[in-house]
Amino acid sequence: VVKNCYKLCLSLGRQRRTEMAKVPNWNRKLSEVLGYQTQTVVKKSEKTGNTYSAEVIPRIELVCMGAPEEVVKKDAPTAYRYTMFDMKKNLTYSVKCPNLVQISGAKQVILTNLTGGALSNGRGWYKADSIALAPRK
């Protein structure tokens, strides 16, 4: 078996790069990570002014756990990081938003255009266009 595997590897090494086996892609889409349907929207970079396409969850209701943390970066507008809990999917993650909503304790909130991506540490980053308290039902 090892000998056959060695022969296969040698034959693959002789093929041109374009004909080789594909490498698995470990980058998952936002819909696969969070389990919600997404839409593709065109956004404009605040830093460069360039437009780009982003996968977003247009509207999502989550539970915000406690007060936000202010995020101050040089040459960037102030943002706020909120700790979220998704009761439907049993997930917890932090979301950065441009607007401040005073929250104490656990409150139901609505995020608009939630997006995110992978980080090198195996976790992810998330940001939304806005956050607002959900109306009481």
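This report describes the pockets, ring contacts and unusual backbone angles of one structure, which is a predicted model.

**Pockets**

The largest pocket holds about 1000 Å³ of space. Its lining is made up of 32 residues, and those nearest the centre are E46, K47, K96, W125 and K127. Six elements each give two or more residues to this lining: β1 (39–44), β2 (51–65), β4 (79–86), β5 (91–97), β6 (106–118) and β7 (124–127). The largest share comes from β5, with five residues.

The second largest pocket holds about 370 Å³ of space. It is lined by 16 residues, of which N27, R28, V33, G117 and A118 lie nearest the centre. Here α2 (30–34), β6 and β7 each supply at least two residues of the lining. Strand β6 gives the most to the lining of this second largest pocket, namely four residues.

The table sets out the lining of each pocket by residue class.

| Pocket | Nonpolar residues | Polar residues | Charged residues |
|---|---|---|---|
| Largest pocket | 13 nonpolar | seven polar | 12 charged |
| Second largest pocket | six nonpolar | six polar | four charged |

**Ring contacts**

The model has one aromatic pair. The pair is formed by Y93 and Y126, whose ring centres are 4.7 Å apart. Their planes stand at 40°, so the pair counts as tilted, given that tilted pairs are those neither under 30 degrees nor over 60. Y93 belongs to strand β5 and Y126 to strand β7, so the contact ties together parts that are 33 residues apart in sequence. Both Y93 and Y126 are buried.

A ring also takes part in a contact with a charge. The charged end of K89 sits over the ring of Y36, at 5.1 Å from the ring centre.

**Backbone angles**

Most residues other than glycine have a negative phi. Two asparagines in this model have a positive value instead. For N90, phi is near 55°, and for N113, phi is near 50°.

The two residues are placed as follows. N90 is in the loop between β4 and β5, whereas N113 is in strand β6. N90 has a relative accessible area of 59% and is therefore exposed, because the cut-off for exposed is over 50%. N113 has 22% relative accessibility, so it counts as partly exposed.

Terms used. Residues numbered from 1 in each chain as written. Predicted model: local features only at pLDDT ≥ 70, side-chain atom pairs only at ≥ 80, totals over all residues. Heavy atoms only, no water. 1 Å grid on protein atoms, 1.4 Å probe; cavity = no way out; pocket = protein on both sides within 12 Å on 5 of 7 lines; lining within 4 Å. Points joined across faces, edges and corners; volume = space filled by probe spheres on them. Nonpolar A, V, L, I, M, F, W, Y, C, P; charged D, E, K, R; others polar. Phe/Tyr/Trp six-rings, centres within 6.5 Å; stacked < 30°, edge-to-face > 60°. Buried < 20%, exposed > 50% of the residue type's maximum accessible area, 1.4 Å probe, protein only. Lys NZ or Arg CZ within 6 Å of the ring centre and 35° of its normal.
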